[in-house]
Amino acid sequence: PSVSLVHHPVNMGKGAALKTGCAAALRLGADIIVTIDGDGQHPPEHISAVLSHMERNNLDAVFTFRAGGDRMPFIRRVGNTIYAWIINFLAQVKITDCASGMRVIRADSLQKIYPLPDGLNFTPAMTCRALLHQDLKIVEKPATTNNWGSRLLARPMNSTELTRLSQMSLALQVVASSLSFE
C-alpha cells in the first residue's frame, strides 16, 4: 500500500485534521477509511481485526469503545457519558463510547453523514450523525486500549478544558451541529 502525507501548515484542530485526511482518502479512491487518534491509546495493530469484523458482518461502520482496564480521566469520562446519553436519546440506540479514537467507515457511508464540524466535537458529531442515519449498519466493537495513566503521547488537559461548563457546552454544540446539517 502507498502512503500519502497530508498536513496543515498550522494547527487547525482535530476535526479539521480528520476532515482533511478523509478528503484525501476519498480523492485517492479509498473504499474504507480508518481514523485513529495519535495519542497512542489505540494500538494500530488492532485495525486489521476491526476491518475483518466489518467485512464479515457487512457493516457500514465500526466504532470501537474502550473496554477493560481503561483509566480515562474522570472529567473525560463524565463528558463521554453525557455525549453517549444524548446520542442514545436522539438516535434511540445504545452506544457506549461516542468519542473513541478508532473508527472504520466505508467511504460512501462517510459521504452520507457529511458535513461534519472542524472542531473537537468532530468525533461525537460523527457518531451522532452516523447513528441518526437510518440506512447505515453500524456496530460498536470493544477495543483494548493502552492505559491513560501512562499518558503516552497525550498532552495533559489544562484547567479550562476540564471545567464542567466547557464539557456541557461541547455536548450541546455536538447536538446542535448534528441536528443543523440537514
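Contact here means that heavy atoms lie within 4.5 Å. With that in hand, take Ile 113: leaving aside neighbours within four places in sequence, it is in contact with Ile 105, Met 126, Arg 129, Ala 130, His 133 and Leu 136. Keep in mind that you're looking at a predicted model. Ile 113 is also a good way into the fold, since it is named among the residues with the most contacts inside the largest nonpolar core.

**The chain as a whole**

- There are 6 helices and 4 strands in the chain.
- Walk along the sequence and you'll meet them in the pattern α-β-α-β-α-β-α-α-β-α.
- The chain has 182 residues, and 42% of them count as buried.
- Take the contacts with a separation of 6 or more: 72% of these are between residues 24 or more positions apart.
- The accessible surface adds up to about 10,000 Å², and carbon and sulfur atoms hold 59% of that.

**The nonpolar cores**

- The largest nonpolar core is made of 24 residues, and Leu 110, Ile 113 and Met 126 have the most contacts inside it.
- Several elements chip in, with at least two residues each from helix 1, strand 2 (61-67), helix 3 (74-91), helix 4 and helix 5.
- Helix 5 is the top contributor to this core, giving 6 residues.
- A second core sits separate from that one; it has 7 residues, including Val 50, Leu 59, Val 62 and Met 102.

**Strand 3 and its partners**

- Strand 3 is largely enclosed by the rest of the structure, because 5 of its 5 residues are buried.
- Its side chains split into two sets: Met 102, Val 104 and Arg 106 point one way, Arg 103 and Ile 105 point the other way, and all are buried.
- On one side of the pairing story is strand 1, which runs antiparallel to strand 3 and is joined to it by 5 bridges.
- Strand 2 also runs antiparallel to strand 3, here with 3 bridges between them.
- Val 104 is a handy landmark in strand 3: Val 34 stands opposite it, and Val 62 stands opposite it too.

**The salt bridges**

- Side chains of opposite charge can pair when their charged atoms come close.
- A salt bridge needs a side-chain nitrogen of Lys or Arg within 4 Å of a carboxyl oxygen of Asp or Glu, and by this rule the count comes to 3.
- One of them joins Asp 37 to Lys 14, with the closest N and O atoms 3.3 Å apart. This pair links distant parts of the chain, 23 residues apart: Asp 37 is in the loop between strand 1 (32-36) and helix 2 (47-56), while Lys 14 is in helix 1 (residues 14-27). Asp 37 is partly exposed, at a relative accessible area of 22%, and Lys 14 is partly exposed at 26%.
- Another salt bridge brings together the side chains of Lys 19 and Asp 118, at 2.8 Å from N to O. Here the partners are 99 residues apart, with Lys 19 in helix 1 and Asp 118 in the loop between helix 4 (107-113) and helix 5 (122-132). Lys 19 is partly exposed, with a relative accessible area of 21%, and Asp 118 is partly exposed with 42%.
- Arg 106 and Glu 55 also meet in a salt bridge through their side chains, at 3.3 Å from N to O. They sit 51 residues apart, Arg 106 in strand 3 (residues 102-106) and Glu 55 in helix 2. Arg 106 counts as buried at 16% relative accessibility, whereas Glu 55 counts as partly exposed at 44%.

**A buried aspartate in a loop**

- Asp 97 belongs to the loop between helix 3 and strand 3.
- Is Asp 97 buried or exposed? Its relative accessibility is 3%, so Asp 97 counts as buried.
- The side chain of Asp 97 reaches back to the main chain, meeting the backbone nitrogen of Ser 100 at 3.2 Å.
- Not counting residues up to four places away in sequence, Asp 97 touches Thr 64, Phe 65, Arg 66, Asn 80 and Glu 140.

Technical notes: Residues numbered from 1 in each chain as written. Predicted model: local features only at pLDDT ≥ 70, side-chain atom pairs only at ≥ 80, totals over all residues. Heavy atoms only, no water. Buried < 20%, exposed > 50% of the residue type's maximum accessible area, 1.4 Å probe, protein only. Core = buried A, V, L, I, M, F, W, Y, C linked by side-chain atoms within 4.5 Å. Areas by Shrake-Rupley, 256 points an atom, 1.4 Å probe, with all protein chains shown as cover. Polar contact = N/O pair within 3.5 Å; in protein donor to acceptor, adjacent residues only side chain to side chain. Pairing = 2+ DSSP bridges.
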